[in-house]
Amino acid sequence: MDRLARFQRWTGWLTLLLLGVALTLVVNAPADFQQSNSVRILFVHVPSAKMSLLMYVAVTVCSIWVLVRRSETADILAAAAAPVGAAFAAVTLATGSIWGKPMWGTWWAWDARLTSMLVLLIIYVGLMALRSALDDPQKSARATAVMAIVGAVDLPIIHFSVTWWRTLHQPPSIAGPGAGKIHIAGPLLTPLIAMAIAFIALGAYMWFVNARLIRASRRLEQLDTEHEEHG
């Protein structure tokens, strides 16, 4: 069994275990005195937001490796991480909108945090579109790597948007930049952290599954090409 298959198997079992524990904590968590049961949306929203950023960090690191070493493995990992990160970004925006309607009175606002997160989703979609638009694998790898590295400028904008500008979005739920402040009540903090850890395992599992699919697809294409060349 290769390394990716082993990672996929172990992260799969770990995801099931961690999600079971985390969801049990979420179900038994008390309702917030201000947000009532709407606060439970944040148990999905916050971990999804963290994962959308974390997956883009993975895309960026792999992209740098592609440009420096021309590594096909790094390119496969970058290609596999983009749709996973896009899925988490889409969940972040959807759950934020669902939570925002009863709390803010609107589904959407052109707030700095919301807008920069939307930009991240657009960058993810752009990376996937650019990769599929180029037939030459080497050109595709280099072009998407450059775009991914340029797009990384959005990460600090997302993270610090609530401190750089006066926004509708509240401060970070777990820790404020450099301040170490916790903006969520203790009984709700434990399930939030548990869900965040479970989502890390889930994201890793999805990443490895996608990477194996892409690698298998490329090998199949290579075999088809060799078969055609040898008649």
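Guide: A salt bridge here is a side-chain nitrogen of Lys or Arg within 4 Å of a carboxyl oxygen of Asp or Glu. The model in front of you is predicted, and the structure holds 4 salt bridges.

Visitor: What makes the pair of Arg-215 and Asp-2 a salt bridge?
Guide: The closest N and O atoms of Arg-215 and Asp-2 are 2.5 Å apart. The cut-off is 4 Å, so the pair counts as a salt bridge.

Visitor: How do you know that this pair links distant parts of the chain?
Guide: Arg-215 is in helix 7, while Asp-2 is in the segment before helix 1 (3–28). The two residues are 213 residues apart.

Visitor: Is each partner buried, partly exposed or exposed, and why: first, what is Arg-215?
Guide: Arg-215 has a relative accessible area of 19%. Buried means under 20%, so Arg-215 is called buried.

Visitor: And what is Asp-2 called, and why?
Guide: The relative accessibility of Asp-2 is 30%. Partly exposed covers what is neither under 20% nor over 50%, so Asp-2 counts as partly exposed.

Visitor: What makes Glu-72 and Arg-218 a salt bridge?
Guide: Their side chains meet at 4.0 Å, N to O. The rule asks for within 4 Å, so the pair is counted. Glu-72 in helix 3 and Arg-218 in helix 7 are 146 residues apart, and the pair links distant parts of the chain.

Visitor: Why is Arg-218 called partly exposed?
Guide: Arg-218 has a relative accessible area of 24%. That value is neither under 20% nor over 50%, so the label is partly exposed.

Visitor: How do you know that Arg-218 and Asp-75 form a salt bridge?
Guide: The N to O value for Arg-218 and Asp-75 is 2.9 Å. With the limit at 4 Å, the pair therefore qualifies. Arg-218 is in helix 7 and Asp-75 in helix 3, with their places 143 residues apart in the sequence numbering.

Visitor: Why is Asp-75 called buried?
Guide: Asp-75 has 5% relative accessibility. The limit for buried is under 20%, so Asp-75 meets it.

Visitor: Which residues make up the network of salt bridges that share partners?
Guide: Glu-72, Asp-75, Arg-131 and Arg-218 are joined into one network.

Visitor: Where is Asn-210, and why is Asn-210 called buried?
Guide: Asn-210 lies in helix 7. Its relative accessible area is 18%, and the limit is under 20%, so Asn-210 is buried. Leaving aside residues up to four places away in sequence, Asn-210 touches Ala-79, Ala-80 and Pro-83.

Visitor: Why is Glu-228 called exposed?
Guide: Glu-228 has a relative accessible area of 65%. Exposed means over 50%, so the name applies. Glu-228 is placed in helix 7 (residues 186–229).

Visitor: What makes the patch with Glu-228 negative?
Guide: The patch is formed by Glu-221, Asp-224, Glu-226, Glu-228 and Glu-229. Asp and Glu count as negative, so the patch is called negative.

Visitor: Which residues form the nonpolar patch on the surface?
Guide: Ile-64, Leu-67, Val-68, Val-146, Ile-149 and Val-150 form it, with about 490 Å² of accessible area together. Helix 2 (42–69) and helix 5 (137–151) each supply at least two of its residues.

Visitor: Why can Leu-67 be a patch member when Leu-67 is partly exposed?
Guide: The relative accessible area of Leu-67 is 37%. A patch needs over 30%, so Leu-67 passes that test. Leu-67 lies in helix 2.

Visitor: What is noted about phi of Arg-70?
Guide: Phi of Arg-70 is near 55 degrees, a positive value in a residue other than glycine. Most residues other than glycine have a negative phi. Arg-70 is found in the loop between helix 2 and helix 3 (72–104). Its relative accessible area is 64%, which is over 50%, so Arg-70 is exposed.

Visitor: How many helices and strands does the protein have?
Guide: The protein has 7 helices and 0 strands. Buried residues are 44% of its 231 residues.

Note on methods:
Residues numbered from 1 in each chain as written. Predicted model: local features only at pLDDT ≥ 70, side-chain atom pairs only at ≥ 80, totals over all residues. Heavy atoms only, no water. Patch = residues over 30% accessible without salt bridge, like charges linked within 9 Å, V, L, I, M, F, W, Y side chains within 5 Å. Areas by Shrake-Rupley, 256 points an atom, 1.4 Å probe, with all protein chains shown as cover. Charge placed at Lys NZ, Arg CZ, Asp CG, Glu CD. Helix = DSSP H or I, 4+ residues; strand = E, 2+ residues; numbered from the N terminus. Buried < 20%, exposed > 50% of the residue type's maximum accessible area, 1.4 Å probe, protein only. Contact = heavy atoms within 4.5 Å.
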